[in-house]
Amino acid sequence: MRYWNTHLRSIRPYIPGEQPLDRKFIKLNTNENPFPPSPKVRKAMKKAVNSNLRLYPDPTCRVLRETISKHFQLNPENVFIGNGSDEVLAFSFLCFFEPTEQILFPDITYSFYPVYAELYNLPYSSVPLNSSFEIIPEDYLLRNGGVVIPNPNAPTSIGLPSKEIEKIVLIDEAYFDFGGDSCVPLTDWR
Ligand SMILES: Cc1ncc(COP(=O)(O)O)c(C=O)c1O
């Protein structure tokens with residue numbers, strides 16, 4: 001910390017939820033799965049751990065992007081690979097948000113959003129949920145430098161249909177596998 005710059009020192013860090021070390025419980029809020037990986041997955045991973053690990057990887061992750069895009073019926077250009085969604089979110093904040101306007105996110109949501117906003121010097125404002133803890137898309141139709149919401153929202157778990165959120169810019173689908181309406185088709189803008 002002694003070597004951190006003054007800006008970094010002023011930021012209140014994101015504190016992840018407790019990750020018990022005894023490994024006895026399945027934590028659905030970290031997307032843990034009650035079922036182990038299929039033997040086919042384990043076999044494929046073991047096969048990939050070979051002497052090629054000494055080589056630098058393809059920086060465009062072409063094979064992985066092609067495989068994912070085939071599965072989700074997208075074009076490979078619509079797929080971005082990162083080290084978990086936090087890294088993809090960090091790049092997205094840097095790339096899509098305009099520092100001249102305040103960015104918007106719900107007042108109960110993933111607590112990393114304000115930390116990234118502060119880290120990247122983006123002014124921000126949080127928009128209240130309604131009394132049923134729902135996001136009201138119309139509340140975001142203000143002048144803004146970008147909007148980010150998780151769908152379904154975390155930790156409320158309440159989702160919105162993609163029709164209602166087409167006007168909202170950045171959708172974080174970290175918990176989509178538990179259910180909801182994916183906005184992935186919106187990435188095909190051509
Ligand atoms: C809404 C939301 N998005 C993203 C993440 C981060 O996911 P990852 O572990 O893939 O970086 C979390 C983790 O808690 C989350 O709650």
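These are my notes on the ligand site and the domain layout of this structure.

**Model.** I'm working with a predicted model here.

**Domains.** I checked the domain split before turning to the ligand. Domain 1 covers 40–81, and domain 2 covers 83–187. I looked up the spacing too: their C-alpha centres are 27 Å apart.

**Pocket.** Which pocket holds the ligand? I found the ligand in the second largest one.

**Shell.** I then listed the residues around the ligand, taking those with a heavy atom within 4 Å of it. I got Tyr 14, Gly 84, Ser 85, Asp 86, Leu 89, Tyr 110, Pro 150, Ala 154, Asp 172, Ala 174 and Tyr 175. By class, I count seven nonpolar, two polar and two charged residues in that shell. Which helix gives the largest share? That's helix 4, residues 84–96, with four residues of the shell.

**Polar contacts.** I went through the N and O pairs next. Asp 172 puts a polar side-chain atom 2.7 Å from a ligand nitrogen. Ser 85 uses its backbone instead: a polar atom there is 2.8 Å from an oxygen of the ligand. For Tyr 175, I noted a side-chain N or O atom at 3.0 Å from a ligand oxygen.

**Burial.** How much of the ligand's area does the protein bury? On its own the ligand exposes 400 Å², and 73% of that is buried by the protein.

**Pulling it together.** Ser 85 and Asp 172 are both on my shell list; Ser 85 meets a ligand oxygen through its backbone, while Asp 172 meets a ligand nitrogen through its side chain.

Note on methods. Residues are numbered from 1 along each chain as its sequence is written. This is a predicted model: local features need pLDDT of at least 70, side-chain atom pairs count only at pLDDT 80 or more; totals for chains, interfaces and linings use all residues. Side-chain values use heavy atoms; hydrogens and water are left out. Domain bounds come from an automatic or database domain assignment. A polar contact is a pair of N or O atoms within 3.5 Å; within protein, one must be able to donate a hydrogen and the other to accept it, and residues adjacent in sequence count only if both atoms are side-chain atoms. Accessible areas come from the Shrake-Rupley method with a 1.4 Å probe; for residues, only the protein chains shown count as cover. On a 1 Å grid over the protein atoms alone, a cavity is a set of points where a 1.4 Å probe fits but cannot get out, and a pocket is an open set with protein on both sides within 12 Å along at least five of seven lines; lining residues have an atom within 4 Å of a point. A molecule sits in a cavity or pocket if more than half of its atoms lie within 2 Å of its grid points. Helices (H or I, at least four residues) and strands (E, at least two) are DSSP runs, numbered from the N terminus. Ala, Val, Leu, Ile, Met, Phe, Trp, Tyr, Cys and Pro count as nonpolar, Asp, Glu, Lys and Arg as charged, and the others, Gly among them, as polar.
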